[in-house]
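Reader: I have a structure open on my screen and would like to talk through its side chains. Could you walk me through it?

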Amino acid sequence: KMAAAGGGGAAAALWSEVNRCGQNGDFARALKSVNKILQISKDDVTALQCKVVCLIQNGNFKEALSVINTHTKVLTNDIIAFEKAYCEYRLNRIENALKTIQSASQQTDKLKELYGQVLYRLECYDDCLAAYRDLIRNSQDEYEEERKTNLSAVVAAQSTWEKVIPEDLGLQEATYELCYNSACALIGQGKLNEAMKKLQKAEAFFLFALIFLQDVTEEDIEAELAIIHGQMAYIMQLQGRTEDALQLYNQIIKLKPTDVGLLAVIANNIITINKDQNVFDSKKKVKLTNAEGVEHKLSKKQLQAIEFNKALLAMYTNQADQCRKLSASLQSQSPEHLLPVLIQAAQLCREKQHAKAVVLLQEFADQHPANAAEIKLTMAQLKIAQGSVTKACMILRSIEELQHKPGMVSALVTMYSHEEDIDSAIEVFTQAIQWYQQFQARTNCGCCVFQPKSPVHLSLIREAANFKLKHGRKKEAISDLEELWKQNPKDVHTLAQLISAYSLVDPEKAKVLSKYLPSLDTMSLKVDVDALENSHGATYVRKKAGKLTGENQQKEQGQVDVKKKKKKKKGKLPKNYDPKVTPDPERWLPMRERSYYRGRKKGKKKDQVGKGTQGSTTAGSSELDASRTASSPPTSPRPGSAAAVSATSNVIPPRHQKPAGAPATKKKQQQKKKKGAKGGW
């Protein structure tokens with residue numbers, strides 16, 4: 001008994017120590033005391049609960065969960081459900097946390113709060129919204145502002161990821177967190193300008209709140225502002241202001257925030273801006289998306305977008321195997337998603353394997369009919385790139401839900417016209433018009449005898465008629481024009497087209513229809529000719545008349561000036577022209593080609609110099625060769641022999657000879673240059 005009493009006194013002292021340390025927030029010291037109590041009584045439920053709480057407060061979630069799982073007989077789920085679920089939540093075992101909460105016999109307020117957080121992480125936004133609404137409605141404590149913030153975060157997530165138009169919950173934007181979440185919801189709706197204003201308001205709220213906050217470090221301030229600035233940069237990127245967005249993104253990365261989720265999102269957005277350019281920078285940024293814990297910070301769609309961009313970057317950097325590996329992994333995770341198969345097809349096209357790409361896309365279209373339209377559009381584009389326009393048209397016409405769309409009709413008609421297949425183009429028009437006729441018949445209530453056609457239907461009929469007229473199908477165009485005129489008898493343009501078509505097929509019918517044309521009096525338009533001529537863009541503008549005085553004023557009043565005709569200049573005749581002599585009929589031919597040309601007179605030696613092919617000799621070449629004369633000096637005199645040469649012979653060496661008439665010719669050239677010279681240098 002004494003020992004028991006002594007043991008009880010020691011336990012009481014330890015419990016008081018645990019209570020005191022708990023109030024002071026010293027959970028490490030409290031844990032030591034609890035362990036001493038458990039040495040005395042290892043199955044003490046209260047001591048085990050306190051140990052779990054101390055471990056949670058110290059951040060030892062694994063050890064706390066181990067204690068709970070080790071003492072399941074004592075620590076039942078009813079007793080410690082919240083602590084167990086919270087440990088599983090913090091260890092990112094979200095599915096297990098949900099099961100723990102749902103298995104609890106009593107749903108306390110703490111469990112409901114945690115339940116909302118778990119549903120948010122599981123992206124069950126509808127259930128999460130209902131949970132927070134119930135909490136706000138049935139709770140009154142100091143945590144009401146936090147609950148409203150969480151509720152606004154759920155609304156923002158719905159707007160962003162599920163494209164749900166959020167309802168007005170009447171939340172007053174009294175804090176920067178509420179303003180930020182409201183801005184995110186506006187981004188999801190595409191209201192970018194309003195969202196930017198909300199973010200600016202959130203930043204102002206945060207800076208104002210710093211006045212009342214104590215013990216806030218510079219790192220905490222930068223971390224909060226980085227989140228707001230990151231969202232601002234995202235809005236700039238969506239608005240097309242990529243340079244501003246890129247600058248702000250890089251500023252945030254330089255701050256090195258501790259939020260790995262924020263860094264991953266910013267790095268991914270920079271990669272999307274770079275696209276196939278600046279791939280080295282993109283490869284550096286990819287490392288930020290691979291940081292530990294990123295998968296627990298981002299939503300499924302954000303993680304999926306990052307993986308898509310990794311595959312695209314591998315394709316741009318010619319890492320074919322890596323691209324195929326990533327895209328195959330994405331396709332296994334989301335078999336119905338379009339992007340993985342499109343990336344694989346793009347990689348095959350880069351490898352010049354277009355046929356394999358088309359087969360891959362066709363297989364996906366057969367397996368997933370819901371996405372067949374977009375896949376077939378890609379297949380048609382590949383066929384066009386290969387030059388198979390007819391096959392591309394066949395693929396496009398197989399998309400039943402798009403056959404009647406004006407854009408599809410226009411594309412098919414253009415492609416068939418390019419291939420000069422007019423019959424197929426007209427068939428496309430006919431099918432589209434029939435679809436609208438059937439649609440009109442289905443929507444007709446039966447109470448209307450005459451139901452006007454839709455504008456799209458009438459537009460198709462008009463385009464079909466114009467196309468048929470352009471390609472000479474008058475008879476086929478007449479029925480379309482009659483249908484148009486029936487819909488609008490006052491349409492003069494359609495009536496004129498109809499008469500023009502009938503005039504080539506049935507002139508009598510054209511005469512009958514011409515009676516419906518309005519008279520010239522009704523067709524006359526009151527046009528101010530002067531205003532029209534002086535209008536901006538007129539090809540002819542009348543010159544403004546100047547002030548008339550004297551004789552000009554009398555001419556203007558009394559008579560009209562007659563424009564003087566310009567006299568044609570007479571052609572110049574040669575000086576030796578004789579009108580009595582008939583001109584030479586061969587005067588337009590060159591002299592060498594005339595029948596009476598006999599060539600130049602021979603005999604003048606100077607005319608023979610320089611004539612003929614290179615290296616040829618003439619009759620007088622031997623006479624001009626100074627080396628053959630006995631008294632000719634050498635071409636290059638030796639040193640000391642110049643005087644002897646000049647004494648023995650008076651013959652001028654060939655290099656010193658000047659052709660006859662050279663000075664006169666040079667003089668004439670100088671005169672010509674002086675006469676027509678211009679200063680160009």
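**Charged pairs, a lysine and a patch**

Author: Happy to! Let's start with K112, which makes a salt bridge with D134, their closest N and O atoms lying 4.0 Å apart. A salt bridge here is a side-chain nitrogen of Lys or Arg within 4 Å of a carboxyl oxygen of Asp or Glu. This is a predicted model, where local features need pLDDT of at least 70 and side-chain atom pairs count only at pLDDT 80 or more, while totals for chains, interfaces and linings use all residues. Residues are numbered from 1 along each chain as its sequence is written, and side-chain values use heavy atoms, with hydrogens and water left out.

Reader: Which parts does the pair K112 and D134 tie together, and how many residues apart in sequence are they?

Author: K112 belongs to helix 7 (residues 109-121) and D134 to helix 8 (residues 125-138). Helices (H or I, at least four residues) are DSSP runs, numbered from the N terminus. The pair therefore ties together parts whose separation in sequence is 22 residues.

Reader: Is R147, the salt-bridge partner of D141, buried or exposed?

Author: The closest N and O atoms of D141 and R147 are 2.7 Å apart. Buried means under 20% relative accessible area, exposed over 50%, and partly exposed in between (1.4 Å probe, protein chains only). D141, at 33%, is partly exposed. R147 has a relative accessible area of 6%, so R147 is buried.

Reader: Which residue makes a polar contact with the side chain of K310?

Author: K310 sits in helix 17 (residues 300-316) and is buried, at 15% relative accessible area. A polar contact is a pair of N or O atoms within 3.5 Å; within protein, one must be able to donate a hydrogen and the other to accept it, and residues adjacent in sequence count only if both atoms are side-chain atoms. At 2.4 Å, the side-chain partner of K310 is N290.

Reader: Which residues form a nonpolar patch with F212, and what is their accessible area together?

Author: F212 lies in the loop between helix 11 (192-209) and helix 12 (218-238), and its 60% relative accessibility makes it exposed. Patches take residues with over 30% relative accessible area and no salt bridge, joining like charges within 9 Å and nonpolar side chains (Val, Leu, Ile, Met, Phe, Trp, Tyr) within 5 Å. Areas come from the Shrake-Rupley method with a 1.4 Å probe, and for residues only the protein chains shown count as cover. The partners of F212 are F208 and I211, and the three together have about 380 Å².

Technical notes:
Helix = DSSP H or I, 4+ residues; strand = E, 2+ residues; numbered from the N terminus.
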